[in-house]
Amino acid sequence: MYKSILDEAINLKMKEFENRKINIQYSNIKQFLREVYFRNQLVTREKLINFVYEDNIEDIVSFLMSDAVINPKF
């Protein structure tokens, strides 16, 4: 059940990146969720909904750049 909700949440967040013309992969957002957003808490539907609606694009980009995962061009 949570896998489909997780997929939907990640896909919605990816659309935000696409709208800003930032190239990011599904696995990058999943890594951010695992290592930062849900590091010490359970994944719940409510938390995934909050993740989608939060303005956290810069946080995700900062995390990925610190890991040298991406090098976005703005």
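**Exercise 1. Which residues of helix H3 are buried?**

Before solving, two notes on the model. It is predicted, so local features need pLDDT of at least 70 and side-chain atom pairs count only at pLDDT 80 or more, while totals for chains, interfaces and linings use all residues. Residues are numbered from 1 along each chain as its sequence is written, and side-chain values use heavy atoms, leaving out hydrogens and water.

*Solution.*
- Step 1: Find H3 at residues 45–53; helices here are DSSP runs (H or I, at least four residues), numbered from the N terminus.
- Step 2: Apply the cut-offs: buried is under 20% relative accessible area, exposed over 50% (1.4 Å probe, protein chains only). The buried ones are Leu48, Phe51 and Val52.
- Step 3: Look down the axis of H3: these buried residues fall within an arc of 95° (directions from the helix axis to the C-beta atoms), so they line one face.
- Step 4: Turn to the face pointing away from the buried side, where Glu46 and Tyr53 are exposed.

**Exercise 2. At what angle do the axes of H2 and H4 cross?**

*Solution.*
- Step 1: Locate H2 (residues 26–37) and H4 (residues 57–66).
- Step 2: Use lines fitted to C-alpha atoms over the stretch in contact, with angles from 0 to 180 degrees between N-to-C directions. The axes cross at roughly 90° and come within 10 Å.
- Step 3: The two helices are therefore roughly perpendicular (65 to 115 degrees).

**Exercise 3. Is Gln31 buried or exposed?**

*Solution.*
- Step 1: Place Gln31 in helix H2.
- Step 2: Its relative accessibility is 15%, so Gln31 counts as buried.
- Step 3: Compare positions: Gln31 and Phe63 are 32 residues apart in sequence and 9.6 Å apart in space, C-alpha to C-alpha.

Conventions
Parallel < 35°, antiparallel > 145°, perpendicular 65-115°, else oblique.
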